[in-house]
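Trainee: I should like to learn how a helix and its surroundings are read in a structural model. May we work through an example together?

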Amino acid sequence: MSTSRNRIQELITQIQEHQFLYYVLDKPDISDAQFDNLLRELIELEKANPELIQADSPTQKVGGGFATVFEQKDHMDKMMSLDNVFNIEELNLWFDRVAKESPSAEWLCELKVDGLAINLLYVEGVLTQALTRGNGVTGEDVTLNVKTISNLPHKLVGKEIPSLLEVRGEVFFPLAAFNELNENLEEAGKNLFANPRNAAAGSLRQKDPRVTASRPLSVVVHGIGASQGISFATQSQAYELLKSLGLPTSERFRVLASRRAVIDYIANYEKHRHDVEHEIDGVVIKVNQFDEQIKLGSTSRAPKWAIAFKYPPEEVTTRLLDIKVSVGRTGRVTPFAFMEPVKVAGSTITNATLHNGQEVLRKGVLIGDIVLIRKAGDVIPEVLGPVIEKRTGKESAFVMPTHCPECGSVLRAITEGDVDIRCPNAQKCPAQLRERIYYIGSRAALDIDVLGSEAAQALLADGIIEDESDLFDLDAEKLSHSPFFTKKDGGAGKNVQSLLDALEKAKLRPLWRTLVALSIRHVGPTAAQTLATTFGSIDAIATASAENLAQVEGIGSTIAESIVEWFGEQWHRDIVSQWSAAGVRMVAEESSALPQTLAGLTLVVTGSLESFTRDSINETILAYGGKSSSSVSKKTNYLLAGSDAGSKLEKAKELGVEVIDEAQFKRLLEGNK
């Protein structure tokens, strides 16, 4: 008994510590699977020794429930957690228990979004409060921050608005946006988010709502708490009603009649889990009928009429053979793990990022360790930490290099307090040159698909170019001296001509793409589009003061200082001069033949268009003098709505923003309203 008592207390302490790291600090130090194992062990021990259950046990509570800097407020109806099952056998046991009391149950299946639970309160159709789940009874007031989420209406729409409605949902960070955010944080030398769930939680818990507004959070709703003036017989009817009120519901839920159909649904999304725009860690199965839900009831922490089927974690172990470093296009030196090949999330990997020297120390990994690797979707594989119990004593610590591994320059931090160290030899470092030329051809920059990493390496190694300034002066004669471009055709044939043709097309790309291709630190596509629209030419940007640049909305002092610093280098100005002489676009479309029919107008695009891709519609708006925004506001002049338009359409209607289709947009381009 004393052994069980001690172990239960030990588990309670451990779990509470991990909950604090997870829910409050957003910095978990173990994987979800490891946490689940601790909780399951505690549940089994308490089941075997019910007299040892403590009031403060995590099994008797919902979520973390820790106080933070935000005001604590009570939910009108308690927010429950979900019990978990991890295999079909456990799921069938749950089915059996439900069937005893509810033999006529039908099942609603939906994806389990890996985000941050939220409770939204609408009074007379107006969003008045948003609370995190907290301990299920009390949550943190994050109303101002939640109101910055673009797909969440501040007012409900429709003819019959309930007088009071508590809506439960999940705030998440879309995977594509998460990758971009971490890239920007890494470039700025800041700490990265471990995963999209942490990014969502960290973004929502910002003291300044403007920071939250800068993060592309999204939300999906999946339940109702307290309500007045609203009724429905099933969970699926509730979802249809929420959708009719303008709330963002999932299109992926299904009502199914049999266990077999539920299991097929689970298997399908386990196979296609990376085709979803957000991370999922399983499927939630609910009894669809509300009268059956009431009959089944709940425990102190979870409903008996719902269960979460959790997928196996996409984490594997392998041996860390070495820790090496790479040098990026802006000189940042990044350590990465070189490992025994291992298959995870559908692909075989040998490398995983370690971000910076401080991160290596924080994770506590040693060369020779067996390490835990995680990869989800398109997220870069990451080392979570070592499996300490498998150490042999032969492991060794990693030491960050003091000199650049490619050019030998002494490495240093660029700014005080920067967690990254960089190679200062920006002009001549082979690694930086190679990465910059490769980046010029990327989709984010000039989109030259034949200018891949091997082609960039060959141009430098074969002495065809000295740096990026020579790129647009290439001709067939110069390229004929490169074995890489001539090995297949014996001379200036197809491979050579493909590159030359692509370079000619790249010269005509919009000004903002030219700006991105120059690899000015902190200037990505968004900032580049703003600069191109505001200043209209490279010359105007190059001669602008830091003060003038910083005053532009979306630029700020950090980007402004980086631009001034970049143009302060003569060799940078030489690149611009040579590109300009070769015919690369150095002015915005306004200086060309395109009429500025969208000048002074802000447009938002939603849905799929027939004549434009997402990139091309934004470029078209900019080329005709307009501003392309990602969210609808009172400053929006037009919402361009294609097929499958999302919640932005409801937002536009709510704010009275004029909605146009593709034909009307084309008339706008012609100067006709």
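Trainee: Against which elements do the buried residues of α8 pack?

Mentor: In this predicted model, the buried residues of α8 pack against the strands β3 (107-113), β7 (164-172), β8 (218-228), β9 (254-256) and β10 (280-287), and also against α10 (290-296).

Trainee: Which residues of helix α8 are buried?

Mentor: Helix α8 spans residues 235-244, and its buried residues are Gln235, Ser236, Ala238, Tyr239 and Leu242.

Trainee: Why do these residues lie on the same side of α8?

Mentor: The general idea is that an α-helix has 3.6 residues a turn, so residues three or four places apart point the same way. In this case the buried residues cover an arc of only 155° around the axis, and therefore they are on the same side of α8. Just after α8, glycine 246 takes a positive phi of about 95°.

Trainee: How should I read the strands β12 and β13, and how many bridges join them?

Mentor: One considers direction, bridges and facing residues. Strand β12 (residues 315-327) and strand β13 (residues 333-344) run antiparallel and are joined by seven bridges. Isoleucine 323 stands opposite alanine 337 in β13. The hairpin of β12 and β13 has five residues between the strands, and glycine 331 takes a positive phi near 90° there.

Trainee: Which residue in β14 does valine 342 stand opposite?

Mentor: Valine 342 faces isoleucine 349 in β14. Strand β14 (residues 347-353) runs antiparallel to β13, with six bridges joining the two.

Trainee: Is leucine 668 buried or exposed?

Mentor: Leucine 668, in helix α25 (residues 662-669), has a relative accessible area of 5% and is therefore buried, as the cut-off is under 20%.

Notes. Residues are numbered from 1 along each chain as its sequence is written. This is a predicted model: local features need pLDDT of at least 70, side-chain atom pairs count only at pLDDT 80 or more; totals for chains, interfaces and linings use all residues. Side-chain values use heavy atoms; hydrogens and water are left out. Helices (H or I, at least four residues) and strands (E, at least two) are DSSP runs, numbered from the N terminus. Buried means under 20% relative accessible area, exposed over 50%, partly exposed in between (1.4 Å probe, protein chains only). Two strands pair if DSSP finds at least two bridges between them. The arc is that of the directions from the helix axis to the C-beta atoms. Contact means heavy atoms within 4.5 Å.
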